[in-house]
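Reader: I am new to protein structures. Could you show me how to read one, feature by feature?

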Amino acid sequence: MNSKNKIEKAITSILVRHSFFGPAVMSMPWIRDDSKVETACTDGDTVFYNDAFIDTLSVDETIGLVLHEVGHPLFQHLSRLRQHFKMDPLRANMAADYEENQMLTEYNMSAKYPIRLPKDALLDQARFGSDSCESIFKQLQEDEGEKDEDDGDGNGDGDGDGDGDGSSSSSSSSSSAAGAGSTFGEFMPPENPKSESEMDQKWCEIRQSCIQTAKLRGEGGSDFIQRLEKLDESPIDVEQLLSRYVDEFVMSDDSTKPDRRYLADNDVCIAGMDSERIGTMVFVKDTSGSINDEILRSCVAVIQAAADKLNFSRLVVIDADAKVQHVEVYGPHDDIEMYAKGRGGTDFRPTFRYIQENEYDARVVIYLTDGYGMFPSEEPDVSTLWISYGASENRYPFGSVVNLQDLQV
């Protein structure tokens, strides 16, 4: 059986035995390219494979490879690990493999025909459990730092050429850095920003189609499906986030503003009773040129979670770069629109000036930004929470600071 027939047979078997993955499997063609890869690699649009590598696999192993490749975009690895891939493509692929193999293990728990994971697959349930690929990436980086310190000569495991081209040399280096196991097939995010955005939307729709298929078959309650559903939720738990910085608003009978006597510096407060509303919450999206579409989508997801879960009266959403570009007011459970007006430089001062002059009853300002811009010389009266996409806490002169990357572990 030649490699093309083997892949076709594997796909047919998946459609019959693993129908959940059907929409995903049918969304990517397989193209032989022996000069580009030595194993297999996907950019979310196509899977490229090496003929000689496929010849070494059984049909069952080929099924595992097919699911492995579609798993990368299906589990959002191309978008979630896009920046990680630029920093360290080997460990980005390793982190993706650890998460993916754990998720497929969860899938196998309720599958009539369990998927055979590749030999020596990267899987460490005892250590990583259900950790996200972002968290695993950070742990792998910390491991390498510790090895470098122990070795002292800079010749520790995990060195590689970092080209991320899906070659076996990359897989070998990844295995060495991990300490055990190997990658089976790799991913490489598209280079064109427009392609990235279109790819994310495409796979979001495919993922939802897969989930709906599972629910129609009565398989919606599994841990595997629940983990997939969470991929399209806000990257942070807004309720949990605010509760880390809040007690509750102390509200008088004749005022919607908090009694500042009860607030510690920089505290953010939410209503403690269902009958009480927070009042006005202000979300600011940094829409400067340094904020990419992926971050903006995360901003909207965070704001949507607030609209759905928090007990506020008004939710004001501001687009701002070096000035206030757009203001929109929402009510509870409204759909937050996905757009960004701005793309200039960054200056936080006009935004806080606008809030002071126009949103005097604001209880809290939640500013989603990379933190690189001009800050007001004086701390504003309203409590401020910065959700930072880049800068460290010490860059912000006031308010509470939460790093999004820390929240995604």
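Author: Happily; we will go through a sheet, one of its strands, the nonpolar cores, a pair of helices and two backbone angles. Please keep in mind that this is a predicted model.

Reader: Let's begin with the sheet. What holds strands together, and in which order do the strands lie here?

Author: In general, strands of a sheet pair through backbone hydrogen bonds, either parallel or antiparallel. Here six strands form an open sheet, and their order is β7-β6-β5-β8-β9-β10, with mixed pairing. At the edges you find β7 (324-330) and β10 (400-403), each of which pairs on one side only. Neighbouring strands are turned by 20° against each other on average, direction ignored.

Reader: In which sense do β8 and β9 pair?

Author: Strand β8 (residues 362-369) and strand β9 (residues 383-388) run in the parallel sense, with six bridges between them. To find this pairing on screen, look for Tyr367, which stands opposite Trp386 in β9.

Reader: Which helix packs on the sheet?

Author: That is α15 (residues 349-358), which touches β5 (280-286), β6 (314-320), β7, β8 and β9. The direction of α15 makes about 160° with that of β8.

Reader: Now a single strand, please. How many residues of β5 are buried?

Author: Seven of its seven residues are buried. Both faces are covered: Thr280, Val282, Val284 and Asp286 lie on one side, while Met281, Phe283 and Lys285 lie on the other. The strand pairs in the parallel sense with β6 over seven bridges, and also in the parallel sense with β8 over six bridges. Asp286 has Ala320 in β6 as its bridge partner, and Phe283 has Ile366 in β8.

Reader: Why does Lys285 count as buried?

Author: Buried means under 20% relative accessible area. Lys285 has 1% relative accessibility, so this residue counts as buried. Leaving aside residues up to four places away in sequence, Lys285 touches several others, including Asp319, Glu337, Tyr339 and Leu368.

Reader: What is the general idea behind a nonpolar core?

Author: In soluble globular proteins, nonpolar side chains tend to be buried together. The largest core in this model has 38 residues, and Phe20, Phe21, Leu74 and Phe224 have the most contacts inside it. Among the elements that each supply at least two residues of this core are α1 (3-17), α4 (59-74) and α11 (193-216). Beyond four places away in sequence, Phe20 touches Leu74, Cys210, Ile211, Ala214, Phe224, Ile225 and Leu228. Another core, of 23 residues, lies apart from the largest one, and its members include Tyr330, Ile366, Leu368 and Tyr389.

Reader: And how do I describe two packed helices?

Author: Two packed helices are described by the angle between their axes and the distance between the axes. For α4 and α7, the angle is about 110° and the axes are 10 Å apart. That makes α4 roughly perpendicular to α7. Their crossing is right-handed. Leu67, His68, Gly71 and His72 of α4 make the contact with Ala96, Asp97, Glu100 and Asn101 of α7.

Reader: Last, the backbone angles. Is the phi of Gln76 positive or negative?

Author: Positive: the phi of Gln76 is near 70°, and this residue is not a glycine. Gln76 sits in the loop between α4 and α5 (77-80) and counts as buried at 17% relative accessibility. His333 also has a positive phi, of about 70°, without being a glycine. His333 lies in the loop between β7 and α15, and counts as exposed at 55% relative accessibility.

Conventions. Residues numbered from 1 in each chain as written. Predicted model: local features only at pLDDT ≥ 70, side-chain atom pairs only at ≥ 80, totals over all residues. Heavy atoms only, no water. Pairing = 2+ DSSP bridges. Helix = DSSP H or I, 4+ residues; strand = E, 2+ residues; numbered from the N terminus. Axes fitted to C-alpha atoms, helices over the stretch in contact; angles between N-to-C directions. Contact = heavy atoms within 4.5 Å. Core = buried A, V, L, I, M, F, W, Y, C linked by side-chain atoms within 4.5 Å. Buried < 20%, exposed > 50% of the residue type's maximum accessible area, 1.4 Å probe, protein only. Parallel < 35°, antiparallel > 145°, perpendicular 65-115°, else oblique. Left-handed = near helix turned anticlockwise from the far one by under 90°.
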